[in-house]
Structure formats: C-alpha cells, structure tokens
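Could you walk me through this model in my viewer, one selection at a time? I would like to know what to select next and what is there.

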Number of protein chains: 2
Amino acid sequence: MINELVKQIQKKQAPIVVGLDPMLDFIPQQITDKAFAEFGKTPAGVGEAVWQYNKGIVDAVCDLVPAVKPQIAMYEQFGIEGLIAFKKTVDYCKEKGLVVIGDVKRGDIGSTSAAYATAHLGKIRIGDQSFEGFGEDFATVNPYLGSDGIKPFLEVCKQEKKGIFVLVKTSNPSSGEFQDRLIDGKPLYEHVAAAVSEWGQDLMGDSYSYVGAVTGATYPEMGKVLRQLMPKAYLLVPGYGAQGGKGEDLKAFFNADGLGAIVNSSRGIIAAWKKEPYLEKFGAAGYADAARAAVLDMKEDINSAIL
Amino acid sequence: MINELVKQIQKKQAPIVVGLDPMLDFIPQQITDKAFAEFGKTPAGVGEAVWQYNKGIVDAVCDLVPAVKPQIAMYEQFGIEGLIAFKKTVDYCKEKGLVVIGDVKRGDIGSTSAAYATAHLGKIRIGDQSFEGFGEDFATVNPYLGSDGIKPFLEVCKQEKKGIFVLVKTSNPSSGEFQDRLIDGKPLYEHVAAAVSEWGQDLMGDSYSYVGAVTGATYPEMGKVLRQLMPKAYLLVPGYGAQGGKGEDLKAFFNADGLGAIVNSSRGIIAAWKKEPYLEKFGAAGYADAARAAVLDMKEDINSAIL
C-alpha cells in the first residue's frame with residue numbers, strides 16, 4: 001500500500017491528504033436539514049449528515065489527491081451511528097481509488113494491539129470466512145507502550161501489505177511536555193524515530209517502508225532531523241493551515257526526490273466554505289467546490305515550496 | 001464516580017476489576033453455536049456470542065466486584081457488530097450497578113481529544129437533546145501528546161463527574177523502552193506521574209481524584225514510588241494473574257488505608273473455565289460459575305496480602 005500511496009502522489013503531483021474530520025458546525029444546513037427530516041435530530045440523523053457531507057467532498061477532490069485521513073474520534077463521538085458513517089466513508093473512498101489513512105491513534109499491547117490491528121488493517125476469521133472490521137489502508141499508532149504495542153501491527157501490515165504511521169512528534173503546542181525531554185542528550189521523539197526506522201527495516205516497499213511516522217508541520221526545525229533519522233519512512237505531516245504550518249515550512253520533511261512526506265489539511269479544506277476567500281465565491285451550497293478550490297490552492301502552496 | 005468506585009470497593013471488600021476482554025476461543029461452544037445458528041457465522045453472530053458470554057459472567061460476578069473493564073479493542077476487531085456488543089455490555093453492567101472502566105487508551109489533541117472524551121464519558125448535543133456515545137464511567141487515556149490531549153478529558157470529567165486513568169507505567173515487557181528512560185535523573189513514567197498528580201488537583205472526589213493512573217502489577221518496585229508520587233490518584237493495576245503479577249506484589253500499590261488501587265484480571269477470570277482447578281469442577285457449561293470462583297480466589301489472594 002505504501003507503493004500505491006507513492007504512485008498516487010506522483011501521478012497526482014500532490015503530496016496532500018485531506019483530513020475528513022467532520023464537526024457538526026462544518027456541515028452546511030441544507031445537508032443537516034435533509035438528514036434530520038429523514039432520521040430525526042438523532043445520532044442516526046447526524047450520521048447520515050456526516051456521510052452525505054463527506055461524500056460531497058470526496059466526489060469533489062478525489063481526482064486531485066492521493067489520500068484521505070478520516071479522524072475516527074469525530075465519528076466515535078456519535079456512538080455506533082457515527083462509526084457506521086466512518087465505515088461508509090472508508091468504503092466509499094476506497095471505491096473512488098483513494099488511499100485511506102485511519103487516524104485512530106490506537107496503541108495497546110500483545111493480543112489487544114493485535115485486535116486493534118485486525119480492526120483497522122486486517123481481517124477477522126469466523127468459521128471459513130474472513131471479514132474486515134473498518135478496512136483502512138494505513139492506521140496511526142501511539143508508541144508509548146513500546147514495541148509490544150507496535151509488533152502486532154507490523155505482523156498485520158506484512159500480511160495485508162498495509163502500513164502504519166507512528167506518532168513521533170505531534171503538531172500540538174504541548175507535544176514537547178514529554179516528547180521533547182532529553183534522554184541521553186536527545187529528545188524522546190528522536191528515540192522514537194530511531195525505533196520507527198528499525199521497525200520499518202523488514203517491511204520495505206519499493207522505495208519507502210510500510211512503517212511511517214507522524215511529524216507535525218508546526219515544528220519544521222525538528223522535521224529536518226527526523227527526516228534524516230528515518231530516511232525510508234514516509235512522514236505524515238499534520239498541522240498545515242489551521243494549526244499554523246505553512247508551505248515554506250514543509251521543505252524539511254521531504255527527501256531530495258520530492259517524496260517522503262504527505263501533508264494533511266482537515267478544516268482548511270473541508271470547512272473552506274466557511275472562510276474567505278472561499279465563502280463569498282462558493283457559500284454553503286458550494287461547500288464541495290470550495291473544498292476543491294482549497295485543495296488546488298494548497299497544492300500550489302506546497303509544490304512551489306518543495307519543487 | 002470516583003466516590004462511587006471507592007464506596008463499592010469498600011462495600012464489596014474487593015479492590016478488583018474484571019476485564020471483559022472476550023476472545024473468540026474463550027467463549028464456550030454452546031454459546032457460539034446458538035449465536036451462529038441465529039445470526040450465521042458472521043460478525044453479527046460473533047457480536048451476539050460475545051454479548052451472551054459477557055452477560056453470563058456479569059450476572060455471576062456483579063455482587064462480588066465493584067467494577068468491570070471492557071477492553072474495546074476486543075470488540076472493535078469485529079467492526080460495527082462488535083461495538084454494538086461493547087455498548088450492550090456497558091449498558092448492562094451499569095444496569096447491574098457496576099462501575100464501568102472503558103479500556104480505550106485514547107489520546108489525541110484539542111477538539112479531537114474532546115471528541116474522544118465525549119464519545120466515552122460525555123454527551124453529544126443534537127438540537128435540544130443530548131445523546132450518549134458509549135457512556136462508560138471511566139476511560140483509560142494515553143499521555144504521549146501532553147496536556148493538550150488530557151485537558152479536554154478533564155473538562156468532560158468535571159462536567160459529568162466521571163474519571164480517567166492515564167497510562168503511566170504499563171504492565172508489558174517492553175514498556176521500559178520509552179517509559180523507563182531517564183530524564184533529569186528520573187524515568188519518564190515518573191514525569192508522567194507528576195503530571196497526573198497535577199492534572200488531578202482540581203478534580204477531587206471525597207478522598208481520591210477523578211484522575212487516576214495505570215501502573216502495571218508486574219513492576220511492584222515502581223508501584224511504591226508511583227504510589228508516593230500520586231497519593232490522591234487511584235491506581236488501576238493490570239497484569240495480575242495471566243501476566244505474572246501476584247497478590248503479594250500488590251501491597252506497594254495500596255495506601256495505608258487499604259484503598260488507592262484496583263487490580264484488574266481479565267482472562268484469569270473470564271476464561272477461568274479453560275484451566276485447572278476450574279475446568280474439572282465447572283467445565284464449559286459452568287463458565288460463569290468458574291468466573292465467580294476465580295473472583296473469590298482472587299479476592300482472598302489480594303486481601304490476604306494487603307489487609
């Protein structure tokens with residue numbers, strides 16, 4: 001799947017992933033009104049609204065971007081009905097040829113970590129048939145529990161040719177509280193980066209490993225070091241746009257071949273219609289066209305910085 | 001909810017939580033046969049089997065223990081149908097008066113962490129009504145992202161009078177890879193413990209904080225230090241039984257008042273019927289009675305060590 005991701009990035013000339021992180025107030029009223037009329041002001045109604053909203057965006061951007069990253073928390077908050085919308089979104093994106101990165105930040109140990117890996121990347125065997133849980137192509141994983149937590153994911157990745165992105169240096173202001181603390185003269189995140197590099201050694205695609213890393217766009221000076229520490233890891237870079245990361249900051253995360261990183265934007269794309277310059281041009285009715293315009297602007301911003 | 005947990009522990013004289021972590025091969029064949037006959041060899045069939053199996057165990061132990069801890073990964077692996085069984089289990093345990101600790105190990109930042117907190121401990125507002133996502137009483141949370149990840153949980157805890165257990169020192173063999181590394185002369189887990197203590201200061205119940213910590217039974221020498229660093233935090237102690245922790249190792253996790261810790265056992269109880277001395281006495285048909293007997297044995301083992 002890492003080969004497919006690289007192929008799609010090259011074909012579409014866009015190292016961009018669209019974060020499908022729907023918040024209720026991002027969804028235009030015409031969509032919620034219709035969903036509530038059909039299913040009531042209930043979690044089922046919200047699930048329908050989220051799904052229709054996502055579908056509109058996916059249809060508008062699927063020829064432009066290689067991948068989407070649904071953030072499962074935004075669905076999980078609506079309980080079962082929210083997760084049904086998550087699953088529908090994953091399935092639809094795959095149907096449209098997009099690589100799906102499940103932003104699930106799971107992490108546990110042993111058989112429990114294996115269960116999460118199965119849930120998101122693998123298949124469960126019941127009798128003589130196999131069933132997919134959520135069926136993403138990649139998942140994000142938390143490293144705090146050490147390799148006991150990661151290895152079960154590696155096994156499933158090997159079997160299914162899928163991948164993970166391990167949290168190394170996250171984009172949030174307080175990420176340094178633990179991640180930046182010095183251990184033997186180096187910050188914790190560099191130790192995690194070294195582990196990512198090691199975990200990925202036996203799981204190589206054509207040019208990059210199945211094991212990537214999450215490294216926040218808000219810390220470009222660290223991106224440079226992390227890029228060197230994990231030369232074969234694809235870097236998933238959140239924090240562009242709404243969180244303050246800019247195109248010019250991103251160069252550090254890419255390799256000389258122009259590959260090696262994929263930059264996420266969530267609300268900057270899916271809620272573009274709520275802000276200028278998109279609001280005036282597209283309005284609520286044109287939320288999907290606004291998302292497309294925002295993707296094109298982001299593509300130009302990033303490519304002009306890295307190419 | 002921390003007051004309720006303490007009250008129940010005192011009333012039942014059992015600082016024990018039963019881990020409801022169903023694996024397919026723990027479930028007696030009479031249950032799976034019946035569920036598959038009704039729903040097919042499908043995720044829906046497994047979901048039904050898991051739910052019936054849990055119900056049997058909960059009925060058999062609910063008068064003996066204060067709390068249960070369903071591990072969501074074990075349900076999530078079966079997709080939507082598994083999560084429906086998770087939700088049914090949570091609801092049923094609450095109906096039976098048990099405190100429910102959702103072992104979800106979630107952790108993200110800002111609005112995403114808020115969404116997880118809402119999913120598991122809070123309510124979502126749709127129009128003029130509120131709906132619960134999964135509705136546990138406590139949730140386990142991963143600290144790697146720093147206080148940006150924890151604070152949204154604290155807000156929901158305050159509002160709903162619920163609680164969290166933050167991963168500090170986990171019970172697995174490789175937990176030391178990052179957690180034990182020295183920072184300013186102290187292992188990372190002590191720094192996390194200090195943060196837990198601080199996070200919990202403004203969220204006090206009668207004698208303990210809403211903010212607890214996960215500290216593995218397999219590291220009793222660390223338990224002693226952690227107990228001192230977080231005097232007001234309830235410690236959720238996994239790793240007893242199957243992972244090697246023994247009753248005598250547990251003393252370090254308790255305060256002088258005999259409170260302050262709750263010890264988890266999962267397969268040691270829910271799969272007790274598969275091993276001696278329970279197998280011969282109870283067999284598959286008596287799996288629930290075997291779980292009850294295992295709880296009574298565990299209670300004696302722990303109380304004889306700590307009282």
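Start in chain A by selecting strand E3 (residues 99-106) and strand E6 (residues 138-141), which run parallel and are joined by 3 bridges. Strands pair here if DSSP finds at least two bridges between them. Helices (H or I, at least four residues) and strands (E, at least two) are DSSP runs numbered from the N terminus. Zoom in on A:Gly102, which stands opposite A:Ala139 in E6(A).

A word on conventions before moving on. This is a predicted model, in which local features need pLDDT of at least 70 and side-chain atom pairs count only at pLDDT 80 or more, while totals for chains, interfaces and linings use all residues. Residues are numbered from 1 along each chain as its sequence is written, and chains are lettered from A and ligands numbered from 1 in the order in which they are written.

Now add helix H7 (residues 147-160) of chain A. H7(A) packs on the sheet, where it touches E6 and strand E7 (163-169) of chain A, and its direction makes about 150° with that of E7(A). Contact means that the C-beta atoms of two residues, placed from the backbone, lie within 7 Å. Axes are lines fitted to C-alpha atoms, for helices over the stretch in contact, and angles run from 0 to 180 degrees between N-to-C directions.

Widen the selection to E1-E2-E3-E6-E7-E10-E11-E12 of chain A: these 8 strands form a closed barrel with parallel pairing. From one strand to the next, the twist averages 30°.

Next, keep H7(A) and show H6(A) beside it; their axes come within 8 Å and cross at roughly 40°. H6(A) and H7(A) are therefore oblique to each other, given that angles under 35 degrees count as roughly parallel, over 145 as roughly antiparallel, 65 to 115 as roughly perpendicular and the rest as oblique. Which residues of H6(A) meet H7(A)? Select A:Gly110, A:Ser113, A:Ala114, A:Ala117 and A:Thr118 in H6(A), which meet A:Asp148, A:Gly149, A:Pro152, A:Phe153 and A:Val156 in H7(A). The residues of this contact divide into 5 nonpolar, 4 polar and 1 charged. Ala, Val, Leu, Ile, Met, Phe, Trp, Tyr, Cys and Pro count as nonpolar, Asp, Glu, Lys and Arg as charged, and the others, Gly among them, as polar.

For a detour, pick strands E4 (residues 123-126) and E5 (residues 129-132) of chain A, which run antiparallel with 4 bridges. A:Lys123 has A:Glu132 in E5(A) as its bridge partner. The two strands form a hairpin with 2 residues between them, and A:Gly127 in the turn has a positive phi of about 60°.

Now bring both chains into view. A rotation of 180° with 0.0 Å of shift along its axis superposes chain A on chain B, with an RMSD of 0.0 Å; that is the relation of a two-fold axis. The superposition is by least squares on the C-alpha atoms of residues with pLDDT of at least 70 in both copies. Center on A:Ile183, whose C-alpha comes closest to the rotation axis of the residues of chain A, at 2.7 Å.

Color the contact between the chains: 56 residues come from chain A and 55 residues from chain B. Helix H6 (residues 110-120) of chain A gives the most to the chain A side, with 7 residues.

Finish in chain B with helix H13 (residues 287-306), which lies across strand E1 (16-18) and strand E12 (261-265), running at about 155° to E1(B).
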